[in-house]
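Student: I have a new structure open and don't know where to start. Can you walk me through it?
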Amino acid sequence: MYHVHRCGPGLCHRLGSLLNQTCNLRFMEIGAIKDYYDRYVQRQVLAGVNERHHIILDLALANGLRKDMRVLELGCGVGTLTGLLANALSQGHLVAMDLSSESIDQARNTLASHKNVALRVGDVVSAPLGGPYDMIVLP
């Protein structure tokens with residue numbers, strides 16, 4: 001399942017506190033997840049952009065994504081969807097976050113020419129998310 005959330009006034013800046021209240025991951029579990037995705041980078045690179053990424057972009061567009069929005073993508077991986085979103089946000093800004101530092105390093109290399117993208121390594125439960133955002137995408 002893919003999630004695209006259109007934010008209303010005051011909703012997105014509360015996302016971090018909501019996740020803290022509902023998520024019960026321990027540090028060791030987060031470390032195991034990070035390690036898994038660090039090892040998964042080359043498979044993601046080889047898979048590249050696929051139909052799934054285009055479906056998620058279409059969902060974002062159908063839910064009101066405009067070229068001037070400020071968007072948060074959680075779990076961006078190596079940046080395959082990130083590149084599509086960045087192109088759609090020609091006058092906007094995209095903050096893309098992933099737990100895997102290896103994935104973010106790959107995304108930085110791939111998306112270096114996209115000046116409207118900020119890539120961050122972090123755990124969505126504890127990392128500052130910034131904001132506010134007009135839309136949040138959870139691929």
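Student: Where is Tyr 36 found?
Tutor: Tyr 36 lies in helix α2, residues 27–39. Helices (H or I, at least four residues) and strands (E, at least two) are DSSP runs, numbered from the N terminus.

Student: What kind of model is this, and how are residues numbered?
Tutor: This is a predicted model, in which local features need pLDDT of at least 70, side-chain atom pairs count only at pLDDT 80 or more, and totals for chains, interfaces and linings use all residues. Residues are numbered from 1 along each chain as its sequence is written, and side-chain values use heavy atoms, with hydrogens and water left out.

Student: Back to Tyr 36. Is that residue buried or exposed?
Tutor: Tyr 36 is partly exposed, at 40% relative accessible area. Buried means under 20% relative accessible area, exposed means over 50%, and partly exposed is in between (1.4 Å probe, protein chains only).

Student: Which residues make the nonpolar surface patch with Tyr 36?
Tutor: Ile 33 and Tyr 37 join Tyr 36 in a nonpolar surface patch of about 270 Å². Patch residues have over 30% relative accessible area and no salt bridge; like charges are joined within 9 Å, nonpolar side chains (Val, Leu, Ile, Met, Phe, Trp, Tyr) within 5 Å. Accessible areas come from the Shrake-Rupley method with a 1.4 Å probe, and for residues only the protein chains shown count as cover.

Student: Stepping back, how many helices and strands are there?
Tutor: The protein chain has 6 helices and 5 strands. From the N terminus on, their order is β-α-α-α-α-β-α-β-α-β-β.

Student: Which strand pairs with β2?
Tutor: β2 (residues 70–74) pairs with β3 in the parallel sense, over 5 bridges. Strands pair if DSSP finds at least two bridges between them. One partnership there is Leu 72 with Val 95 in β3.

Student: And what about β3 and β4?
Tutor: β3 (residues 93–98) and β4 (residues 117–121) are also parallel, over 5 bridges. Asp 98 stands opposite Val 121 in β4.

Student: What units do the helices make with these strands?
Tutor: β2, α5 and β3 form a right-handed β-α-β unit, and β3, α6 (residues 101–110) and β4 form a right-handed one too. Right-handed means that, with the strands pointing away from the viewer, the path from the first strand over the helix to the second runs clockwise.

Student: Is β3 mostly covered or uncovered?
Tutor: β3 is mostly covered, with 5 of its 6 residues buried.

Student: Which residues touch the most others in the largest nonpolar core?
Tutor: That core has 21 residues, and Leu 65, Val 71, Leu 85, Leu 94, Leu 119 and Val 137 touch the most other members. α5 gives the most to this core, with 4 residues. A nonpolar core is a set of buried Ala, Val, Leu, Ile, Met, Phe, Trp, Tyr and Cys residues joined through side-chain atoms within 4.5 Å.

Student: New topic: how many salt bridges are there?
Tutor: The count is 2, where a salt bridge is a side-chain nitrogen of Lys or Arg within 4 Å of a carboxyl oxygen of Asp or Glu. Arg 66 forms one with Asp 68, the closest N and O atoms being 3.3 Å apart. Asp 105 and Arg 108 meet in a salt bridge at 3.8 Å, N to O.

Student: How far apart are Asp 105 and Arg 108 in helix α6?
Tutor: About one helical turn separates them, because they are 3 residues apart in helix α6.
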